[in-house]
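Please walk through this structure, starting from a single side chain and ending with the chain as a whole.

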Amino acid sequence: MQREQTDVLVIGAGPAGTVAGAIVNKAGYKVRVVEKMKFPRFVIGESLLPRCMEALEEAGLLECVLKMGFQRKTGAKFVRNGVVCDYSFADQFTDGWDHAYQVTRADFDQALADGLEAQGVPIEYETTVTAIRFNEDGSSVTTVTDNNGNEKQIEAKFIIDGSGYGRVIPRLFGLDKPSNLAPRKALFVHIKDVNRQMDDEPDRITVIVHKPDVWVWVIPFATGITSVGFVGDPAFFEKYTGTPEEQMRAVIADEPYIAERMKGVEFLWEPKILQSWSSTTEKFFGNGFVLTGNVTEFLDPVFSSGVTLATVSSQIAGKLVVRHLKGEAVDWDKEYTEVMMQGVNTFRSYVMGWYDTTLHTIFFAKDQNPDIKKMICSVLAGYVWDTDNPYVKEHNTALHKLAKTIRLRDSIEYINNGFKDKV
């Protein structure tokens, strides 16, 4: 069997794999990437956050993204019963990027992969990892098979697994474990948004509260195409029958905020379904490997955290791998797992706060405190590692305390207004 050698083998050519591969390559180490799919390929996760732009910049991949002319994204808009809550990234608490982009992922991922190859890193597409053997010193031998059935082995000093939903190392070595988040379902499509002028804010994502535990994303692209998706408990969708297109048109018709704008619009493909996506793993690293991106943990699409966690985890992991290859001691628990869990757990608190309606109370409150709003905005911008921000550092309690205060204030106001009416 043919055998090849490299310093670092990267599994997956998505945002996680390309960022990690670029950072290691820039340090002067030999990198090669294997990718199971043929690019370009469709994947969800189309709304980026400002924090991930920093990772792309450090990896030297920002220019290839900017050349694509993607839709600039300056914030997020939340809507419930016609009431709007706006967040502008320019108003955030944390110093950082004040914008990101809304991207068609097939084009975005292809741009990153092409950018990595332009840096001299080879990518082998339609190549599947079938086995990995780790040696005591952390080196490894990986068996891969191409789309013609040809097998070969790749010797590497280290492996970075950025395989996303493929979860290569967790599945091969039994590291998968269930997430503590409830299973949910998404029904989504791309439309020709001919009526965008009815709600023309293409520079932000719109998140609509359809029901307390069901929400809608509306992500406009620069091309005049818009991504629309409904997310909720799988039971919510059971009342909608027929083909996926008939179901999608029915749920759109049931949401007043977009029903008229999207009535009868052209669907660019049959609506797709994504279900029970939340997952995690027992550990983020081992002797000779590190997991990055969605391989570590994927939470929920509501705050567009997926690409940010993918790129930032790879940014951190790539630099740690370089140090490891140089012979430096790396405390993977402290310098990687603990750091990543800070970000993951912050996002998790906000995801859970969204579905239990704690965040609904905060987002749609009257007379919001502008300083607190800036702190929450930083989380929505992806700065979930800034522990100078109380709404990051105390993410597991701060939101509930704030919501409780708002509810108490509203109750007192309601009682006082009732008393005035009687007087």
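In this predicted model, the side chains of K152 and E124 are joined by a polar contact of 2.7 Å. A polar contact of 3.1 Å also links the side chain of K152 to that of E4. K152 belongs to strand β10, which covers residues 151-161. Is K152 buried or exposed? Its relative accessible area is 12%, so K152 counts as buried, the cut-off being under 20%. Leaving out residues up to four places away in sequence, K152 touches M1, Q2, E4, R32, E124, T142, T143 and V144. Both of its polar partners, E4 and E124, appear in that list.

From this charged residue we turn to the nonpolar interior. In soluble globular proteins, nonpolar side chains tend to be buried together. Here the largest nonpolar core has 98 residues. Which residues have the most contacts inside it? They are F78, F303, W354, F363 and I376. With neighbours within four places in sequence set aside, F78 is in contact with V83, V84, C85, Y87, V207, F303, W354, F363, F364 and L380. Three of these partners, F303, W354 and F363, are themselves among the residues with the most contacts in the core. Another core, of 20 residues, lies apart from the largest one, and includes I208, F237, V265 and F267.

I376, named above for its contacts in the core, and L380, a contact of F78, both sit in helix α11, residues 370-380. The buried residues of this helix are I372, M375, I376, C377, S378, V379 and L380. An α-helix has 3.6 residues a turn, so residues three or four places apart point the same way. I372, M375, I376, V379 and L380, all buried, include pairs with that spacing. At the N-terminal end, α11 is capped by N369, with a side-chain oxygen 2.8 Å from the backbone nitrogen of D371. After the helix comes G382, which has a positive phi, near 95°.

Now the chain as a whole. It has 13 helices and 20 strands. Of its 423 residues, 58% count as buried. Among contacts with a separation of 6 or more, 73% are between residues 24 or more positions apart. The accessible surface comes to about 18,000 Å², and carbon and sulfur atoms contribute 50% of it. Along the principal axes, the C-alpha atoms fill a box of roughly 90 × 45 × 40 Å. The radius of gyration is 23 Å, which agrees with the value near 22 Å for a compact globule of 423 residues.

Methods. Residues numbered from 1 in each chain as written. Predicted model: local features only at pLDDT ≥ 70, side-chain atom pairs only at ≥ 80, totals over all residues. Heavy atoms only, no water. Core = buried A, V, L, I, M, F, W, Y, C linked by side-chain atoms within 4.5 Å. Buried < 20%, exposed > 50% of the residue type's maximum accessible area, 1.4 Å probe, protein only. Contact = heavy atoms within 4.5 Å. Helix = DSSP H or I, 4+ residues; strand = E, 2+ residues; numbered from the N terminus. Polar contact = N/O pair within 3.5 Å; in protein donor to acceptor, adjacent residues only side chain to side chain. Rg over C-alpha atoms; globule rule 2.2 N^0.38 Å. Areas by Shrake-Rupley, 256 points an atom, 1.4 Å probe, with all protein chains shown as cover.
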